[in-house]
Structure formats: C-alpha cells, structure tokens
Amino acid sequence: MSARATPYASWGGVLRAPHIARRPATRAAAAEALCGGGTMVLHGNGRSYGDVALNPDGGLLDITALDRFIAFDPDTGRLTCEAGVKLSDILAVLSRPQPDGGGWLLPVMPGTRFITVAGAIANDVHGKNAHHLGSFGNHVEQVELARSDGSRLICSRTEHPDLFAATLGGLGLTGLILSATLRLRRVPGLGIESEDIRFGHLDDFFRLDAESADHWEYTAAWVDCLASGAALGRGIYSRGRHVPGVACDPPARTPRLSVPLTPPLSAINGLSVRAFNALYWRKLGGAGRRLSIGSYGPSFFPLDAIGQWNRLYGPRGFYQFQAVVPHADGPAVTRELLKTIAASRQGSMLVVLKRFGTVAPEGLLSFPMPGISLALDFPNRGEATLRLLGRLESLVMEAGGRIYPAKDSCMRAESFAQGYPALDAFRAFTDPALTSAFARRVGILKEFPA
C-alpha cells in the first residue's frame, strides 16, 4: 500500500482538492494505516455532498477495497460485512425474491444505494420510512472499530455502548469501522405499491401526510421550489408499501446510463428548472393521481438511474441543503423556507419534503429528530447562494431545528453546536488520528476552533 497525491471532490463538486491517499486492501492493513502517525479523513464511495469526508492537502484513508461479505444467516437476516461494501452490493446479492415473493431488504435505505456500509453508519442515513423504522443506526447490531492506539474493539449496545452510540452518526471521527453486523428485514413482498398524488399548495402536503401515516410505510413529496403565492409548496406526494406475494428483482449494481463528462456551463439554471418543474408538476395528467406496482428501485433510488448526475451542475458544482424543524412549527417554518427560496429564484428540480417520526436515533450526532425535513440542491452561484443558505440556516436555527452534516458545506459552528446538544459528550470519543474539513470548520475538534 503506497501513499499518493490523489484528487478527491465532494459529491456537490464545490470542494475539490488533492489528498495523500491510502487505499488498504485488507482490514489488517487499514488498521495499521490508522496507526501510522499524522491525521487523516476516512472516505467511502464519495457520495457526501459536502466536506465531511474530505481533508484537503492532508491524509485520506479510502476504504472502498474493504468490500467483502463475511457472514449471513438466512434465518435471522443477520449480515456481517466489511466497511466498504456498498448498499447496492447487499441488495444485489441478498435482496432476491423467495418463492412466496418476499425476501430480505435493508430496513432503511437512503436516496442512493451507492454508499458504503461505513458511510451509512457514520452519517446515520435515513430513508422514506424514517417515521416508521428510524434511521440506519437503529438496525446496526455491532461494529468492529480500529483506533489509532492499536486497539480493535467490538462495539454494540452491550460492549462499549458509549463508543457505539458515538460511532452511529459519528462522521468517521471515533475510529475506523472495519466491519459491521446489520439486521436485514424480511418483507412479505419485494414489489412496491406506489401512489403519486398531485397537490396544489403546502397545506395539502400536510393533509396527505397525516392521512398516509398509518397505512403507507414510505412517504415523501417532491415540491416545486419556484412556485409562490397561492401555489407555494405545490408538488407531488408519493407513498408506497410492500405488496405481499409480489416479487421483483433487485436494481442493477451500476446505472445503465451515465453523464460522461462535466459540461462547461451548468445545465441546471433558472430557465431549465422553471420549465422542468412546471412540466413535472403536470406529469400525472388530468386525474392528478397514479397508482402502480413495480420494483422498489425507482421508488427508493430515482437519482441512481443516471450515473454521475452531479456533473450536470457544471464545473462550479452545487450546494445541497437539508434541515429538519420540530413538528410544532413545521408548517410555518417550511412555508418561510419555501418563500425565501422562491423569492431568491434559486433552487433546483431536486426538492424533497418529508416527515420524521418519533423513533429516536441512537447516535450522539444523528441528524433525524421528530419534525419536517426539507432537502434540495442549489447550483453554485457564489456569494448569492451562500447568502441564501445563510438565511435558510437562520430560519432553521430560530425554530430549534438542525442541518444535516452529510449534505452541508457552509454551516456555522454555533449552529452545529445548537443543533447537536450532545456535542460535548461526543468529543470524549473522537480518535486523535481522525479529522475532516467539516470537523474543523464547525469546531467538533477542540484543537481546531471554528
């Protein structure tokens, strides 16, 4: 294993920098690299939008070669695998329909299946069923964690439980996850019944969400972020549930189509976004509603259909913003966020509004909390975009909400500390060899004040 200067970028493409990268081929080599002196960032498949997995001009430990399955119990769904296994690999190998149409599935799936298990744990990712089953960390049984003092620990709810809680959502700062044991979920049918419903304004979203809560496991809405006035918050509400006995094959390990290169100018601009949003809102035709049964792939991972879609934003890249605000003020704050975005004439085609339930995450720095979550992309327009993000951040913090580190590039240190009250407790579990641009920017590491 050799160190080399290698360029790495955030998925949003705003931050690109060389790193002194190492890519160990085995768990033993990875643990040894962590003890080699100096500081480094842990890096998976590169799907974090911001700087949580970057360390410009510094050390980087790339774990993608740790991609082996270790054990699977077909009776219990207990899977042990290395840290660099991607969720797409798990689905391709284990999410195969059984004779009754059912099968094993990851209990929680984020918007992309092309992330590593370690990345899913470190960011405690969530999906469209967060209101029912919580976040990814709720379904992790244990992790094998290497520390820079040479120790290798099994951490779980009974062994080193405090370190385990710090590692769930711990942004790769508590140690190197070498392997993990997950509990897969047996579903009665791998096919999904999906219903898309067009709605005309934000109040309709909350009405649809309330009536869907008990009978539909997967819920989220696309919102036209440029609509204003009486149409503010209009969109398409999508809800889904497993259909017993209906089988479907898992989605492909790689996309069939891919954006081959980065265009010189962003294809995502005011004109293209406005045209797309207007057409997409009308896609359901006069009925305004569509019911279908099919594979879970398009329902859970719509963006995965096109590889390297992030290149469409051009060489300047884009910022992603995701926040959650408490239920009590959710409608009012969401309305203000959307008003601010619409007035700015910024935003994109990719806007998701959904609800988090009361299933508490177990990580000290986990993002989900009961409330309403809004996520969207902003093409990088320099200072104008940063000012907008600052205004949105202020609205979220005034409401007692928080911002998602995995998608952040510019959150203020005071906002992070306010949104994550367990920060001081978390600091006791950080490993001195691990760092990141994000950890330094928001002041997680005391030796790197914000």
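**Working through cavities, a pocket and a sheet**

The lining of the largest cavity splits by class into 6 nonpolar, 2 polar and 3 charged residues. (Nonpolar covers Ala, Val, Leu, Ile, Met, Phe, Trp, Tyr, Cys and Pro; charged covers Asp, Glu, Lys and Arg; the others, Gly among them, are polar.) A cavity here is a set of points, on a 1 Å grid over the protein atoms alone, where a 1.4 Å probe fits but cannot get out, and lining residues have an atom within 4 Å of a point.

Before you start: this is a predicted model, where local features need pLDDT of at least 70 and side-chain atom pairs count only at pLDDT 80 or more, while totals for chains, interfaces and linings use all residues. Residues are numbered from 1 along each chain as its sequence is written, and side-chain values use heavy atoms, with hydrogens and water left out.

**Exercise 1.** Find what lines the largest cavity.

*Solution.*
- Step 1: the search of the whole structure turns up 6 cavities of 30 Å³ or more. A volume is the space filled by probe spheres set on the points, which are joined across faces, edges and corners.
- Step 2: the largest cavity holds about 70 Å³.
- Step 3: its lining includes Tyr319, Phe321, Leu389, Glu393 and Lys407.
- Step 4: strand 18 gives the largest share, 3 residues. Strands (E, at least two residues) and helices (H or I, at least four) are DSSP runs numbered from the N terminus.

**Exercise 2.** Describe the second largest cavity and place Phe356 in its lining.

*Solution.*
- Step 1: about 50 Å³ of space sits in this cavity.
- Step 2: the lining has 8 nonpolar, 2 polar and no charged residues. Among them are Ala130, Phe356, Val359 and Met369.
- Step 3: Phe356 belongs to strand 19 (residues 351-356).
- Step 4: Phe356 counts as buried because its relative accessibility is 1%; the cut-off for buried is under 20% relative accessible area, with exposed over 50% and partly exposed in between (1.4 Å probe, protein chains only).
- Step 5: leaving out residues up to four places away in sequence, Phe356 touches, among others, His126, Val324, Phe367 and Ser373. Contact means heavy atoms within 4.5 Å.

**Exercise 3.** Work out which residues lie closest to the centre of the second largest pocket.

*Solution.*
- Step 1: the second largest pocket has a volume of about 440 Å³. A pocket is an open set of points with protein on both sides within 12 Å along at least five of seven lines.
- Step 2: 27 residues line the second largest pocket, and the closest to its centre are Trp11, Asn45, Gly46, Gln308 and Asn310.
- Step 3: the lining comprises 6 nonpolar, 15 polar and 6 charged residues.
- Step 4: strand 1 (residues 4-9) supplies the largest share, 3 residues.

**Exercise 4.** Lay out the open sheet of 5 strands and say what lies across it.

*Solution.*
- Step 1: the strand order is 5-6-10-8-9, with antiparallel pairing. Two strands pair if DSSP finds at least two bridges between them.
- Step 2: strand 5 (69-73) and strand 9 (152-156) are the edges, each pairing on one side only.
- Step 3: strand 6 (residues 78-82) meets strand 10 (residues 176-183) over 5 bridges, and Glu82 has Ser179 as its bridge partner.
- Step 4: helix 2 (residues 87-94) lies across strands 5, 6 and 10, at about 45 degrees to strand 5. Axes are lines fitted to C-alpha atoms, for helices over the stretch in contact, and angles run from 0 to 180 degrees between N-to-C directions.
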